[in-house]
Amino acid sequence: MAAGAGALGWLAMVAVVVAMAGANSEGDALSALRRSLRDPGGVLQSWDPTLVNPCTWFHVTCDRDNRVTRLDLGNLNLSGHLVPELGKLDHLQYLINHQHWNSELYKNNIQGMIPSELGNLKNLISLDLYKNNISGTIPPTLGKLKSLVFLRLNGNRLTGPIPRELAEISSLKVVDVSSNDLCGTIPTSGPFEHIPLSNFEKNPRLEGPELQGLAVYDTNC
């Protein structure tokens, strides 16, 4: 009996250690993000890397196991760039009506490129990076986000083609890449069959919908 109780206690301690290690790694990833951002309003002052986990930080939501489930960083007058460490937040879930993670970084002045590592966030359902100053291309790795429903990248300085990998995401309902500098053609297969053309407007080098059955004519890309 005592041996059984001891074993259970040991397993409980292991679970706590694993959870703390995970929380610390999540805190490290978010600390890397904070270091990359300029925060003139001090809205991230509570992001103290010396704490056991980031669950007490403002704009961070955790589940009952102290795993980060949501970031709410929209419209906070932040500037800087995204970091590849964000791709290590592999337990991100937003638990309301269904399990997902909502990344909100809209209406700031985020610059630089979208890290390809964001494609590792397999539970991501909504990626909102609109109205920033993001440049570079849309990473094809975002096509690995098989739970993604909302992809809003409008109002940035993105270049290059729209990755065809995105057309393989059957859950995708909303795509808005308007007001960028994308080129090539608009995918028309899979979820793109139902995306209105207005969500691709104000990309001067975007040539229009891809014609099925013909060679891809991304000649202006």
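**Exercise 1. Locate Lys131 and describe its backbone and its exposure.**

Lys131 sits in the loop that runs between strand E8 (124-128) and strand E9 (135-137). The model is a predicted one. Next, take the backbone: phi of Lys131 is near 55°, a positive value in a residue other than glycine. Last, take the exposure: the relative accessible area of Lys131 is 45%, so the residue is classed as partly exposed.

**Exercise 2. Give the place, phi and exposure class of His59.**

Step one is the place: His59 belongs to the loop between strand E1 (37-38) and strand E2 (60-62). Step two is the backbone: His59 is not a glycine, yet has a positive phi of about 70°. Step three is the exposure: His59 has 27% relative accessibility and is therefore partly exposed.

**Exercise 3. Find the disulfides and work out the handedness of each link.**

The count comes to two disulfides. With bonded cysteines counted along the chain, the pattern is 1-2, 3-4.

- Cys55 and Cys62 form one of them, with sulfur atoms 2.2 Å apart. The angle about the S-S bond is -95°, and the link of Cys55 and Cys62 is left-handed. Cys55 is partly exposed at 21% relative accessibility; the cut-off for buried is under 20%.
- Cys183 is joined to Cys221, S to S 2.0 Å. Here the angle about the S-S bond is 60°, and the link of Cys183 and Cys221 is right-handed. Cys183 lies in strand E13 and Cys221 in the segment after strand E14 (205-209), so this disulfide ties together parts 38 residues apart in sequence. Cys183 is buried, with a relative accessible area of 2%, whereas Cys221 is partly exposed at 46%.

**Exercise 4. Analyse salt bridges of the structure, starting from their number.**

The structure holds five salt bridges. Side chains of opposite charge can pair when their charged atoms come close. Three of the bridges are worked through here, each with its N to O distance.

- Asp72 pairs with Arg70, the closest N and O atoms being 2.8 Å apart. Asp72 is partly exposed, with a relative accessible area of 23%, and Arg70 is buried at 12%.
- Asp128 meets Arg152 at 2.8 Å, N to O. Asp128 lies in strand E8 and Arg152 in strand E10 (residues 150-152), so the pair links parts 24 residues apart in sequence. Asp128 is buried at 5% relative accessibility, and Arg152 is partly exposed at 25%.
- Glu210 forms a salt bridge with Arg164, with 2.6 Å between the closest N and O atoms. Glu210 is in the segment after E14 and Arg164 in the loop between strand E11 (157-160) and E12, so parts 46 residues apart in sequence are tied together. Glu210 is buried, with a relative accessible area of 14%, and Arg164 is partly exposed at 27%.

**Exercise 5. Describe the surroundings of Asn180.**

Begin with the position: Asn180 is in the loop between strand E12 (174-176) and strand E13 (181-186). Its relative accessible area is 8%, so Asn180 counts as buried.

Then list the neighbours. Leaving out residues up to four places away in sequence, Asn180 touches Leu153, Asn154, Gly155, Asn156, Arg157, Leu158, Lys202, Asn203 and Pro204.

Finally, look at the polar atoms of the Asn180 side chain. One lies 3.1 Å from the backbone oxygen of Leu153. The backbone nitrogen of Asn156 lies 3.2 Å from a polar atom of this side chain.

Conventions: Residues are numbered from 1 along each chain as its sequence is written. This is a predicted model: local features need pLDDT of at least 70, side-chain atom pairs count only at pLDDT 80 or more; totals for chains, interfaces and linings use all residues. Side-chain values use heavy atoms; hydrogens and water are left out. Helices (H or I, at least four residues) and strands (E, at least two) are DSSP runs, numbered from the N terminus. Buried means under 20% relative accessible area, exposed over 50%, partly exposed in between (1.4 Å probe, protein chains only). A polar contact is a pair of N or O atoms within 3.5 Å; within protein, one must be able to donate a hydrogen and the other to accept it, and residues adjacent in sequence count only if both atoms are side-chain atoms. Contact means heavy atoms within 4.5 Å. A disulfide is a pair of cysteine sulfur atoms within 2.5 Å. A salt bridge is a side-chain nitrogen of Lys or Arg within 4 Å of a carboxyl oxygen of Asp or Glu.
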